[in-house]
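Grab a coffee and open the viewer: here is a short set of exercises, each with a solution worked out step by step. Try each one yourself before reading on.

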Amino acid sequence: MFFNYLNYSEPLFRPPSEANSLILQITHGCSWNKCIFCEMYKSKKFSVKPEEELFAEIDAIFNSQYKVKKVFLADGDAMVLSYGRFINILKKINTNLKPVRITAYASAGNLRDKTIEELIDLRENGLQMVYMGIESGDNEVLNNVNKGETYESTADALHKLKKAGIKVSVMILTGLGGKEFWEQHAINSAKIVNETQPEFLSTLVLSYPFGEKHFIKGLNSKFTPLNVVELLLELKLFIQNTNLEQTVFRSDHASNYMVLKGFLGRDKEIFLKQIENAISDETKSGLRPEWLRGL
Ligand code: SF4
């Protein structure tokens with residue numbers, strides 16, 4: 001319904017939970033755009049939307065009389081904007097649209113130059129949560145896929161957000177280590193979420209939008225894809241190693257072969273049982289049909 005008032009640059013992505021939000025593109029593309037597994041913004045050159053243009057869109061929505069409850073700030077690492085630019089945008093949104101919450105995509109690197117005081121100010125001006133695809137807690141895996149971050153840099157960013165009271169939804173990419181690194185990928189990914197205790201956690205499964213060969217060609221070291229049972233074993237090892245207090249856990253993205261929803265740690269044993277059942281069930285009846293085609 002907002003489409004008439006906004007000048008979107010396609011492709012446009014948002015997290016599934018932002019389906020009913022007003023999506024404001026404050027940047028176009030991703031300022032890093034070098035992760036080997038990610039094709040989301042490869043067709044776009046990174047740029048910042050001029051403030052005049054963005055504010056005119058916000059004015060247009062305001063004048064349309066639509067009631068905006070939630071605002072999601074895109075594109076891929078919208079928090080790359082400096083504190084000064086970002087706070088101006090939050091203030092404009094709050095003055096005109098008065099949403100109950102504002103969220104954004106962020107990368108760990110986006111947090112590097114922002115102080116905790118600045119982040120607190122962003123939170124007090126409505127930034128309630130950020131979505132961060134951290135992909136892995138393992139430095140070899142992160143290096144192999146050219147993520148541009150490490151365990152340490154990612155943990156620093158997550159700690160900063162926690163101290164500022166901004167909630168985080170963290171994404172881990174199952175399968176990213178291949179057969180070579182799957183165990184350390186699972187164990188170190190559990191380690192980083194244990195250390196940082198995100199409010200929300202989800203696992204997605206590595207896919208190959210431009211084909212497996214294209215993906216493997218870009219890597220810094222050898223990679224052998226995991227099959228479905230191996231992906232389940234990796235997910236099991238990851239969950240086994242988690243020690244979370246109260247994190248909402250979701251494994252329900254379209255890429256997942258098995259839907260798990262609940263809380264970690266409360267539902268840890270239930271999830272493990274579900275995964276074990278799926279592994280031992282020869283018919284794989286508990287898995288999504290689209291994955292059965294790949295068995
Ligand atoms: S930082 Fe995120 S959006 Fe940018 S290339 Fe990597 S995965 Fe894609």
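The exercises below go through a helix, a core, a loop residue, the ligand shell and some backbone geometry, all in a predicted model.

**Exercise 1. Check the length of helix α5 and work out how its buried residues are arranged.**

Step 1: Start with the length. Helix α5 runs over residues 151–164, which makes 14 residues. At 1.5 Å a residue the helix should span 20 Å, and its end C-alpha atoms are 20 Å apart, so the two agree.

Step 2: Pick out the buried positions. In α5 these are Thr154, Ala157, Leu158, Leu161 and Ala164.

Step 3: Now look down the axis of α5. The buried residues fall within an arc of 130°, so they line one face of the helix.

Step 4: Flip to the other side of α5, where Glu152 and Lys163 are exposed.

Step 5: Ask what sits over the buried residues. The cover includes α3 (116–124), β6 (127–135), β7 (167–174) and α6 (178–196).

Step 6: Step just past α5 and you meet Gly165, with a positive phi of about 80°.

**Exercise 2. Find the residues with the most contacts inside the largest nonpolar core, then follow Val130 outward.**

Step 1: The largest nonpolar core holds 72 residues. Those with the most contacts inside it are Leu73, Ala78, Ala104, Val130 and Leu161.

Step 2: Take Val130 and skip anything up to four places away in sequence. What's left touching Val130 is Met79, Thr103, Ala104, Ala106, Leu161, Ile166 and Val168.

Step 3: Tie this back to Exercise 1: Leu161 is one of the buried residues of α5, and Val130 touches Leu161.

Step 4: For background, nonpolar side chains in soluble globular proteins tend to be buried together.

**Exercise 3. Is Phe37 buried or exposed, and which residues is Phe37 in contact with?**

Step 1: Locate Phe37 in the loop between β2 (27–28) and β3 (47–48).

Step 2: Count around it. Phe37 has 20 other C-beta atoms within 10 Å, and the cut-off for buried is 20 or more, so Phe37 is buried.

Step 3: Leave aside its neighbours within four places in sequence. Phe37 is then in contact with Val145, Leu173, Leu176, Leu206 and Phe215.

Step 4: Check one of those pairs. Phe37 and Leu173 are 136 residues apart along the chain, yet their C-alpha atoms are separated by 9.7 Å.

**Exercise 4. List the residues around the ligand and sort them by character.**

Step 1: The list reads Cys30, Trp32, Asn33, Cys35, Cys38, Met40, Tyr41, Gly76, Asp77, Ser107 and Gly133.

Step 2: Sorted, this shell gives six nonpolar, four polar and one charged.

**Exercise 5. Track down the cis peptide bonds at Pro11 and Gly265, then compare the settings of Lys98 and Glu135.**

Step 1: Glu10 and Pro11 are joined by a cis peptide bond, with omega about 0°. Pro11 is in the segment before β1 (22–25).

Step 2: The bond from Leu264 to Gly265 is cis too, with omega near 0°. Gly265 belongs to the loop between β10 (260–264) and α9 (268–280).

Step 3: Lys98 isn't a glycine, but its phi is positive, near 45°. Lys98 lies in the loop between α2 (83–96) and β5 (101–105), and it is exposed, with 12 other C-beta atoms within 10 Å.

Step 4: Glu135, also not a glycine, has a positive phi of about 70°. Glu135 is in strand β6 and is buried, with 25 other C-beta atoms within 10 Å.

Conventions
Residues numbered from 1 in each chain as written. Core = buried A, V, L, I, M, F, W, Y, C linked by C-beta atoms within 7 Å. Contact = placed C-beta atoms within 7 Å. Near = placed C-beta within 6 Å. Nonpolar A, V, L, I, M, F, W, Y, C, P; charged D, E, K, R; others polar. Helix = DSSP H or I, 4+ residues; strand = E, 2+ residues; numbered from the N terminus. Expected span 1.5 Å × (residues − 1). Arc of directions from axis to C-beta.
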